[in-house]
Amino acid sequence: MLHNVVLLASDNVEAAGFILRGIKGIFVAIGSIIAAIICAVIAGTKGRSAIGWGILGLFFSIITLIVVIVIPSKRS
């Protein structure tokens, strides 16, 4: 089946672009989920809302990760 998809993509340039956009989307989604988990864990250890920072990490992955690393801990 994969062979047929590759052959179809080589004949039709538009199909190849569609397939590559789909693969790129999968990698972006996986990266966002990983960033959200990391943000939630770091925020939880700093006494911050793990769910809130996890949601922010899902949508603004790298920026949120940098911010959650830099902010000070709420715990004394």
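**Exercise 1. Determine the order of secondary structure elements along the chain, and state how much confidence each part of the model deserves.**

Solution. Read from the N terminus, the elements follow the pattern α-α-α-α. The count is accordingly 4 helices and 0 strands. The model is predicted, and its mean pLDDT is 85, with 78% of the residues reaching 70 or more. Confidence is lowest in helix α1 (residues 2-11), where the mean is 61. The highest value belongs to α3, with a mean of 96.

**Exercise 2. Characterise the burial, the surface and the contacts of the protein as a whole.**

Solution. Begin with burial: of the 76 residues in the protein, 21% are buried. Next, take the surface: the accessible area comes to about 5,700 Å², and carbon and sulfur atoms account for 77% of this area. Finally, consider contacts between residues at least 6 apart in sequence: 46% of them join residues at least 24 apart.

**Exercise 3. Compare the UniProt transmembrane annotation with the helical content of the model.**

Solution. The unreviewed UniProt entry lists residues 26-44 and 50-71 under "transmembrane region". Take residues 26-44: this span is 100% helix and 0% strand, and its end C-alpha atoms lie 27 Å apart. Now take residues 50-71: here the span is 91% helix and 0% strand, with end C-alpha atoms 14 Å apart. The second annotated span, 50-71, can be set beside two helices of the model, namely α3 (50-59) and α4 (residues 61-70).

**Exercise 4. Classify the packing of α3 against α4 as parallel, antiparallel, perpendicular or oblique, and identify the residues that meet.**

Solution. Two packed helices are described by the angle between their axes and by the distance between those axes. For α3 and α4 the angle is about 140° and the axes are 6 Å apart. An angle counts as roughly antiparallel over 145 degrees and as roughly perpendicular from 65 to 115 degrees. The helices α3 and α4 are therefore oblique to each other. At their contact, α3 contributes W53, L56, G57 and F59, while α4 contributes S61, T64, V67 and V68.

**Exercise 5. For T64, A43 and K46, decide whether each residue is buried or exposed, and list its contacts beyond four places in sequence.**

Solution. The cut-off needed is that buried means under 20% relative accessible area.

- T64 is in helix α4. Its relative accessibility is 5%, so T64 counts as buried. T64 touches C39, W53, L56 and G57; among these, W53, L56 and G57 are α3 residues that meet α4.
- A43 has its place in helix α2. At 0% relative accessibility, A43 is likewise buried. The residues A43 touches are R48, S49, A50, W53 and V68. In addition, the C-alpha atoms of A43 and I71 are separated by 9.2 Å, although the two residues are 28 apart along the chain.
- K46 is in the loop between α2 (13-45) and α3 (50-59). With a relative accessibility of 15%, K46 counts as buried. K46 touches V68, I69, V70, I71, S73, K74 and R75.

As a last step, look for a shared partner: V68 is touched by A43 and by K46, and V68 also belongs to the α4 residues that meet α3.

Technical notes
Residues numbered from 1 in each chain as written. Predicted model: local features only at pLDDT ≥ 70, side-chain atom pairs only at ≥ 80, totals over all residues. Heavy atoms only, no water. Buried < 20%, exposed > 50% of the residue type's maximum accessible area, 1.4 Å probe, protein only. Contact = heavy atoms within 4.5 Å. Areas by Shrake-Rupley, 256 points an atom, 1.4 Å probe, with all protein chains shown as cover. pLDDT = per-residue confidence, 0-100. UniProt positions renumbered as here; feature names shortened; annotations may be inferred. Axes fitted to C-alpha atoms, helices over the stretch in contact; angles between N-to-C directions. Parallel < 35°, antiparallel > 145°, perpendicular 65-115°, else oblique.
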